[in-house]
Amino acid sequence: MSNTKSSNQISTMTFIGMTCALVASVRNIPDVAAAGWTMLFYMLVAVLLYAFPVSLISGEFAGMFPGVGGPELWVSNSLGKKWGFVVSWLLWVQMFPGMVMVASALAPLFGNIIDNVPLGLSSKFTLVVILIVYWGITLLNLKFDMAKLGGKIGVWLGLYLPLAIMLVLGVAAWMKIGLLPTGTLGHFSWDKLIPDMATAKSLQYFTPIMFIFTGIEMSSVYITRLKNPVKTYLKGIFIALIFLFIVNILNAFVVANVIPSGKMELNNIAQSITIYCQILGLPHFIVNLFSLLVFIGVAVQLSAWASGPAKTVVASARKGYYPPKFRFWKTNKFDVSKAVILTQSTIISIFAFFYLLIPGVNQAFLMLVNATTVLYCLVYIIMGIALLKLRQLKPELARPFRIGKKGSQGNATVWMTVGILFATIIISVGLTLKAGSLVNLIAVIGITSIMFLIPLGIEKIRKPEWESEVAQQMEKEEK
């Protein structure tokens with residue numbers, strides 16, 4: 001038994017690497033860079049007051065409930081199955097605006113590949129690319145195990161290589177030209193580090209910067225495989241967050257330095273690469289190659305993500321939370337539900353039309369990333385409430401990782417951790433929406449409200465016999 005346990009353990013460095021891979025992304029660099037010098041303030045808040053509390057809350061939950069299910073399992077064991085279902089629903093629907101936002105990066109990448117940048121920045125072309133690519137990967141998910149393929153190829157082409165190329169070229173360009181007064185970054189002054197909470201335009205990038213760390217809670221599922229859960233988890237999370245902070249800030253710093261003020265294209269990852277090559281006198285085919293690598297990497301990652309959150313819907317359907325006639329419970333040999341995949345592709349296609357309805361690609365991009373982040377923040381708020389309740393209901397429950405010590409002092413630490421997270425979410429989201437356009441405010445509030453109320457409505461009309469009907473239909477399928 002000890003040998004099996006030892007072979008199943010994860011080292012600190014492996015855990016750090018897994019955590020970084022979950023949330024690191026080249027797509028977020030323009031969001032950070034667009035904030036200028038205030039990026040340092042926003043990133044510090046996002047790391048210390050958002051990502052770290054989420055990691056602590058997730059760590060305590062994962063130690064108590066190490067089974068498959070993540071946030072849905074944790075919340076179900078504290079607040080009941082109803083709220084567990086709400087969480088699983090939110091984790092699914094956040095990908096509707098989220099996938100459109102990620103896929104929107106493909107259009108400018110394609111434009112760079114064929115040396116037609118204006119085409120890639122067209123709202124109509126962006127819509128066409130999103131629809132073609134996403135329906136293409138939908139069909140691939142029904143025929144192949146794309147999750148497995150995405151893990152092996154997508155992470156290298158869509159993450160590691162682009163980040164390295166961007167940083168090396170960016171640092172070389174900065175060493176050659178120094179700080180450009182006309183860049184998004186501009187000359188340094190101490191007052192530029194802290195935003196004016198009433199007037200700063202950079203506040204509209206606050207929530208998108210927080211979005212970088214959404215999903216970090218999933219690294220906590222490895223906590224029971226760490227040699228010393230409390231010490232190793234805290235150390236690993238802290239190092240991972242420092243690494244993510246440095247990588248994002250360094251890349252965003254050199255990007256913001258070369259892109260002229262007011263000219264940042266949030267969904268055009270290759271914009272800075274074009275300028276770097278011009279500054280360094282490098283051949284333009286580097287831009288074409290970079291764009292091709294990232295295009296393939298992002299498309300493959302999208303394909304892998306398409307089936308991931310859908311699995312929570314399948315699990316909920318088998319528990320009787322959806323009408324059996326929807327056939328959300330039925331999966332193919334790759335454990336993918338055709339009904340769920342086609343449903344989410346249809347809804348994602350509807351969200352893609354925001355690129356026609358919202359004037360300007362940047363505004364549509366911000367609206368989608370804001371909606372995605374707010375939906376994910378609702379999950380974190382429910383998780384925080386669930387943890388506080390569980391501390392009261394089951395204080396004796398074994399906790400391999402615990403926030404604070406046992407007793408009243410430890411409970412105070414939990415309340416403080418959850419309180420900091422809630423305050424950060426409310427203040428940052430509020431300031432971001434206030435700084436954005438009225439259309440953005442209405443759209444984000446509307447999307448969030450509708451997506452939150454739908455699962456509560458489903459719960460109201462749900463019939464007890466749905467679960468038994470699903471079980472019977474699954475039994476027939478197996479015969």
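Buried means under 20% relative accessible area, exposed means over 50%, and partly exposed lies in between, with a 1.4 Å probe and protein chains only. By that rule Glu60 is buried, and Arg391 is buried too. Both are stops on this tour.

**Before you start**

The structure is a predicted model: local features need pLDDT of at least 70, side-chain atom pairs count only at pLDDT 80 or more, and totals for chains, interfaces and linings use all residues. Residues are numbered from 1 along each chain as its sequence is written, and side-chain values use heavy atoms, with hydrogens and water left out.

**Stop 1: colour by confidence**

Colour the chain by pLDDT, the predictor's confidence in each residue, from 0 to 100. The protein chain averages 89, and 96% of the residues score at least 70. Helices here are DSSP runs (H or I, at least four residues), numbered from the N terminus. Confidence is lowest in helix α1 (residues 2–7), with a mean of 46, and highest in helix α14 (residues 271–280), at 96. Now select residues 1–6, where the pLDDT is below 50. Beyond near neighbours in sequence, this stretch has zero contacts in the model, a contact being heavy atoms within 4.5 Å.

**Stop 2: the core**

Select Phe61, Leu106, Phe213 and Tyr322. These are the residues with the most contacts inside the largest nonpolar core, which has 161 residues. Helix α19 (residues 361–393) gives the most to this core, with 20 residues. A nonpolar core is a set of buried Ala, Val, Leu, Ile, Met, Phe, Trp, Tyr and Cys residues joined through side-chain atoms within 4.5 Å.

Stay on Leu106 and show what surrounds it. Not counting residues up to four places away in sequence, Leu106 touches Val129, Val133, Phe295, Val298, Ala299 and Leu302.

**Stop 3: Tyr50**

Next select Tyr50, in helix α4. Tyr50 counts as buried because its relative accessibility is 0%. Leaving aside neighbours within four places in sequence, the contacts of Tyr50 are Val45, Met210, Phe213, Thr214, Cys377, Tyr380, Leu421, Thr424 and Ile425. To get a sense of scale, draw a line from Tyr50 to Phe253: their C-alpha atoms are 22 Å apart in space, and the two residues are 203 apart in sequence.

**Stop 4: salt bridges**

A salt bridge is a side-chain nitrogen of Lys or Arg within 4 Å of a carboxyl oxygen of Asp or Glu. How many does a search of the whole structure find? The search finds five salt bridges.

Select Glu60 and Arg391, whose side chains meet at 2.8 Å, N to O. Glu60 sits in helix α4 (residues 39–64) and Arg391 in helix α19, so this pair links distant parts of the chain, 331 residues apart.

Move to Glu72 and Lys319, which form a salt bridge at 3.4 Å, N to O. Glu72 lies in helix α5 (residues 71–79) and Lys319 in the loop between α16 (310–318) and α17 (338–352), so the pair ties together parts 247 residues apart in sequence. Glu72 counts as buried because its relative accessibility is 9%, whereas Lys319 counts as partly exposed, at 39%.

Then select Arg462 and Glu459, which meet in a salt bridge at 3.6 Å, N to O. Arg462 is partly exposed, with a relative accessible area of 26%, and Glu459 is partly exposed as well, at 21%. Finally add Arg399 to the first pair: salt bridges that share partners join Glu60, Arg391 and Arg399 into one network.

**Stop 5: two loops**

Select Asp115, in the loop between α8 (106–113) and α9 (117–120). Its phi is positive, about 60°, although Asp115 is not a glycine. Arg327, in the loop between α16 and α17, also has a positive phi, near 60°, in a residue other than glycine. Arg327 is partly exposed, with a relative accessible area of 32%.

**Stop 6: the surface**

Turn on the surface and select Val171, Trp174, Met175, Leu179, Phe188 and Trp190, which make a nonpolar patch of about 650 Å². Patches are made of residues with over 30% relative accessible area and no salt bridge; like charges are joined within 9 Å, and nonpolar side chains (Val, Leu, Ile, Met, Phe, Trp, Tyr) within 5 Å. Areas come from the Shrake-Rupley method with a 1.4 Å probe, and for residues only the protein chains shown count as cover. Within the patch, Phe188 lies in the loop between α11 (146–177) and α12 (206–211). Phe188 is partly exposed, with a relative accessible area of 37%.
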